[in-house]
Amino acid sequence: MKISISQIAQLAGVSKTTVSFVLNGRGDEKNISQATQVKISEIAKSHQYQPNQLARSLSLGKSETLALVVPDISNPFYGKIARFIEKYAEAKGYKVMIASTGEDISKEQNLLKSFKARQIDGIVLASAQRTWTDGATLNTIPIVYFDRIFQEQECSFVDIDNQNATEKLTSTLINKTHKRIGLLTLTSYLPNINQRLKGYYGALKKASMQIDPKLVIEINYNNKKKYVHKALERLLYLNEPVTAVVFLNNVLAAEGIWAINTYWPELKDKIEFASFDNLDLFDYSAPKVISVLQPTEQIAQNCINMLCSQIKENKMVKGRCIRTKLIER
């Protein structure tokens with residue numbers, strides 16, 4: 001049988017306000033005696049009292065809940081981030097709500113407004129915004145950005161070395177004597193993808209290799225399997241076909257492995273792939289895949305630490321950039 005605050009107050013012989021203060025952990029602050037606090041706590045425990053979370057949020061002015069908003073939770077990178085966000089948030093006493101935007105800016109804005117209305121204490125966000133001005137008015141609650149960071153953005157963020165990592169990734173293929181290196185990407189207007197493109201072009205320039213626009217193809221987000229197949233077909237049937245392909249995220253690379261094994265199995269030991277971000281699959285796959293490993297646990301831990309500091313201190317925490325690791329196979 002559920003028990004209410006009024007019933008606890010009657011059993012303890014105190015006011016509802018006193019019970020509320022004790023159950024919200026404010027007994028010492030309100031100079032309530034230890035004996036009364038213990039009595040209230042024991043009554044609540046013995047009757048299996050379950051607090052009304054909404055009422056508790058209104059009373060405390062916080063929900064003890066954080067939100068994680070990402071473009072696509074089915075992407076293994078975001079799935080790993082979510083697992084570690086939950087781990088580190090829970091250690092600090094927070095629950096986490098998770099939502100995907102599907103790269104839809106209006107959906108992202110509606111989600112942020114909804115979370116604000118629910119009194120979410122803070123948000124970790126990988127934004128779908130095309131420019132910082134698209135989201136500048138939404139910074140009304142503590143937010144830490146990751147994965148997509150705009151240069152003009154004054155905010156708390158956790159970033160990685162996108163450009164430098166992609167330059168190293170592409171240079172590794174060049175050092176293996178590949179002369180025709182294709183590139184497949186999603187949503188090139190995003191800041192992280194734009195930085196990775198710069199890394200690819202930078203590696204070609206340093207090696208004095210010709211930059212051929214025909215080798216760079218942007219994939220349709222909503223039908224990746226179909227368009228990766230078509231893109232590889234285009235690259236493999238050029239007069240001078242590619243011998244290697246850089247994928248700017250791991251989902252595209254996985255679709256590339258599927259396409260080669262399905263349509264061109266004779267090429268799986270002749271073509272080489274490179275992927276920004278790693279998958280366990282790459283340890284066993286053909287073609288071989290060189291990859292950039294993003295430190296997901298370190299990213300998530302820094303996001304939660306920054307967000308909790310921002311919530312506590314009510315001011316922006318300086319962002320930081322974390323280095324990635326190159327995995328050669």
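Buried means under 20% relative accessible area, exposed means over 50%, and partly exposed lies in between, for a 1.4 Å probe and protein chains only. The views below show a predicted model, in which local features need pLDDT of at least 70 and side-chain atom pairs count only at pLDDT 80 or more, while totals for chains, interfaces and linings use all residues. Residues are numbered from 1 along each chain as its sequence is written, and side-chain values use heavy atoms, with hydrogens and water left out.

**View 1. The parallel sheet and its order of strands.** Six strands, in the order β2-β1-β3-β4-β5-β11, form an open sheet with parallel pairing; strands (E, at least two residues) and helices (H or I, at least four) are DSSP runs numbered from the N terminus, and two strands pair if DSSP finds at least two bridges between them. The edges are taken by β2 (95–100) and β11 (320–322), and because each has a single partner strand, one side of each is left without a neighbour in the sheet. From one strand to the next the twist averages 20 degrees, where axes are lines fitted to C-alpha atoms, for helices over the stretch in contact, and angles between N-to-C directions run from 0 to 180 degrees. Strand β1 (residues 65–70) pairs with strand β3 (residues 122–125) in the parallel sense over 4 bridges, and alanine 67 has isoleucine 123 of β3 as its bridge partner. Helix α6 (residues 105–117) packs on this sheet and touches β1, β2 and β3, its direction making about 160 degrees with that of β2; contact means heavy atoms within 4.5 Å.

**View 2. From β3 through β4 and β5 to β11.** Strands β3 and β4 run parallel and are joined by 3 bridges, with leucine 125 standing opposite tyrosine 145 in β4. Strand β4 (residues 143–146) is covered on both faces, since Ile143 and Tyr145 on one side and Val144 and Phe146 on the other are all buried. In a regular strand the side chains alternate between the two faces of the sheet. The pairing continues from β4 to strand β5 (residues 156–160), again in the parallel sense and over 3 bridges. Here tyrosine 145 has phenylalanine 157 of β5 as its bridge partner, and phenylalanine 146 has valine 158 of β5. Of the 5 residues of β5, 4 are buried, so this strand is largely enclosed by the rest of the structure. Beyond it, 3 bridges join β5 to β11, and the two run parallel; valine 158 has arginine 320 of β11 as its bridge partner.

**View 3. The mixed sheet and the helices that pack on it.** A further open sheet of 6 strands has the order β7-β6-β8-β9-β10-β12, and its pairing is mixed. At the edges stand β7 (216–218) and β12 (325–327), each with a single partner strand, so that one side of each is left without a neighbour in the sheet. The twist here averages 15 degrees from one strand to the next. Strand β10 (residues 289–293) runs antiparallel to β12, the two being joined by 3 bridges, and valine 292 has leucine 326 of β12 as its bridge partner. Helix α8 (residues 191–206) lies across β6 (181–185), β7, β8 and β9, running at about 180 degrees to β6. Helix α9 (residues 224–236) also packs on the sheet, where it touches β6, β7 and β8, and its direction makes about 160 degrees with that of β6.

**View 4. Aromatic rings and the charges over them.** Rings of Phe, Tyr and Trp (its six-membered ring) pair if their centres lie within 6.5 Å, and planes under 30 degrees apart count as stacked, over 60 as edge-to-face and the rest as tilted. By this rule there are 7 aromatic pairs. One of them joins phenylalanine 247 and phenylalanine 273, edge-to-face, at 4.8 Å centre to centre and with 75 degrees between the planes. This pair links distant parts of the chain, with phenylalanine 247 in strand β8 (residues 244–247) and phenylalanine 273 in strand β9 (residues 272–276), 26 residues apart. Phenylalanine 247 counts as buried at 0% relative accessibility, and phenylalanine 273 is buried with a relative accessible area of 0%. Elsewhere, ring pairs link Phe77, Tyr78 and Phe146 into a cluster. Lysine 225 lies over the face of tryptophan 258, at 4.1 Å from the ring centre, by the rule that NZ of Lys or CZ of Arg is within 6 Å of the ring centre and within 35 degrees of the ring normal.
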